[in-house]
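Here is a quick walk through one protein chain, written for someone who would rather look at contacts than at tables of coordinates. Have the structure open and click along as you read.

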Amino acid sequence: AACVTTPASQQPVQSTTPSVTYNYRTDQELVTANQNATTFCSQYQTVPRAATVTNNSDGTRTVVFECVRTAVSAPAPVNPNLSYSYRTDQELVQASQTASAYCLQNGSLPMTSRVVTNLDGSRTVTFQCGPR
C-alpha cells in the first residue's frame, strides 16, 4: 500500500469553532447565558466552554462561549444538592455546566438556580433540576 500525501493547497488554512457571545450584569444573567449557550452549542453536538470574559465600560460584562466537542461526558457533581461556592465568573460558569450535565444525565431539565452572597465575600449558587 502506498502512502498518499495531501497537497499543501488542500490543507485547511483556517477553521472556525462555532461560538456565541452574551452581555450580562448579574451572576443570574451569566447562569442564563450559559444555559442559552448550551442550547446553542447542542445544534453542533458540542458543549459550551467559556473562552473569554471581559468587563465593558458601561458596567456590563461580555462572555464568549466556544462550542467544543468532548470525548467524555461531564462527571456528575459530588454534591447531591447541587450547591457550589465560587468567587469568579469562570467558577460560576463551571458550576453551571456541571449542574446542567448532572440534570441532563438524570433526564430532568430545565434547571433553576439561586445565587446568594456569603459573609466572607464568596457567593454560593444552588441549582435545582426540573421535574422528570
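What follows covers the overall layout, the helix pair, the salt bridges and a couple of individual residues.

**The layout**

Keep in mind that this is a predicted model. The protein chain has two helices and six strands, and if you read along the sequence they come in the order β-α-β-β-β-α-β-β. Of the 132 residues in the protein chain, 33% are buried. Residues 24 or more positions apart supply 57% of the contacts that have a separation of 6 or more.

**The two helices**

How do helix 1 and helix 2 pack? Their axes sit 10 Å apart, at an angle of about 50 degrees. Since an angle like that falls outside the parallel, antiparallel and perpendicular ranges, the two helices are oblique to each other. Helix 1, which spans residues 27-42, passes helix 2 in a right-handed crossing.

On the helix 1 side, the residues that make the contact are Asp 27, Leu 30, Val 31, Asn 34 and Thr 38. They meet Asp 89, Leu 92, Val 93, Ser 96, Gln 97 and Ser 100 of helix 2. Sorted by class, that contact has four nonpolar, five polar and two charged residues.

**Salt bridges**

Side chains of opposite charge can pair when their charged atoms come close. This structure holds four salt bridges, and three of them are listed here with their N-to-O distances.

| Acidic residue | Basic residue | N to O distance |
|---|---|---|
| Glu 66 | Arg 49 | 2.4 Å |
| Asp 89 | Arg 61 | 2.9 Å |
| Asp 120 | Arg 87 | 3.8 Å |

Start with Glu 66 and Arg 49, whose side chains meet in a salt bridge. The pair links distant parts of the chain, with Glu 66 in strand 3 (residues 61-68) and Arg 49 in strand 2 (residues 47-55), 17 residues apart. Glu 66 has 25% relative accessibility, so it counts as partly exposed. Arg 49 is partly exposed as well, at 43%.

Next comes the salt bridge between Asp 89 and Arg 61. This pair also links distant parts of the chain: Asp 89 belongs to helix 2 (residues 89-105) and Arg 61 to strand 3, 28 residues apart. Is Asp 89 buried or exposed? Its relative accessibility is just 10%, so Asp 89 counts as buried. Asp 89 also turns up in the contact with helix 1 described above.

Then there is Arg 87 with Asp 120, the closest N and O atoms being 3.8 Å apart. Arg 87 lies in the loop between strand 4 (83-86) and helix 2, while Asp 120 lies in the loop between strand 5 (111-117) and strand 6 (123-129), so the pair ties together parts that are 33 residues apart in sequence. Both Arg 87 and Asp 120 are exposed.

**Two residues to click on**

Gln 45 sits in the loop between helix 1 and strand 2. Its phi is near 55 degrees, a positive value in a residue other than glycine. Gln 45 is exposed, with a relative accessible area of 62%.

Val 47 is in strand 2 and is partly exposed, at 34% relative accessible area. Which residues does Val 47 contact, leaving aside its neighbours within four places in sequence? They are Cys 41, Glu 66, Cys 67, Val 68 and Thr 70. Cys 67 is 20 residues from Val 47 along the chain, yet their C-alpha atoms are separated by 5.3 Å. Glu 66, another of those partners, is the salt-bridge residue that pairs with Arg 49.

How values were computed. Residues are numbered from 1 along each chain as its sequence is written. This is a predicted model: local features need pLDDT of at least 70, side-chain atom pairs count only at pLDDT 80 or more; totals for chains, interfaces and linings use all residues. Side-chain values use heavy atoms; hydrogens and water are left out. Helices (H or I, at least four residues) and strands (E, at least two) are DSSP runs, numbered from the N terminus. Buried means under 20% relative accessible area, exposed over 50%, partly exposed in between (1.4 Å probe, protein chains only). Axes are lines fitted to C-alpha atoms, for helices over the stretch in contact, and angles run from 0 to 180 degrees between N-to-C directions. Angles under 35 degrees count as roughly parallel, over 145 as roughly antiparallel, 65 to 115 as roughly perpendicular and the rest as oblique. A crossing is left-handed if the near helix is turned anticlockwise from the far one by less than a right angle, and right-handed if clockwise. Contact means heavy atoms within 4.5 Å. Ala, Val, Leu, Ile, Met, Phe, Trp, Tyr, Cys and Pro count as nonpolar, Asp, Glu, Lys and Arg as charged, and the others, Gly among them, as polar.
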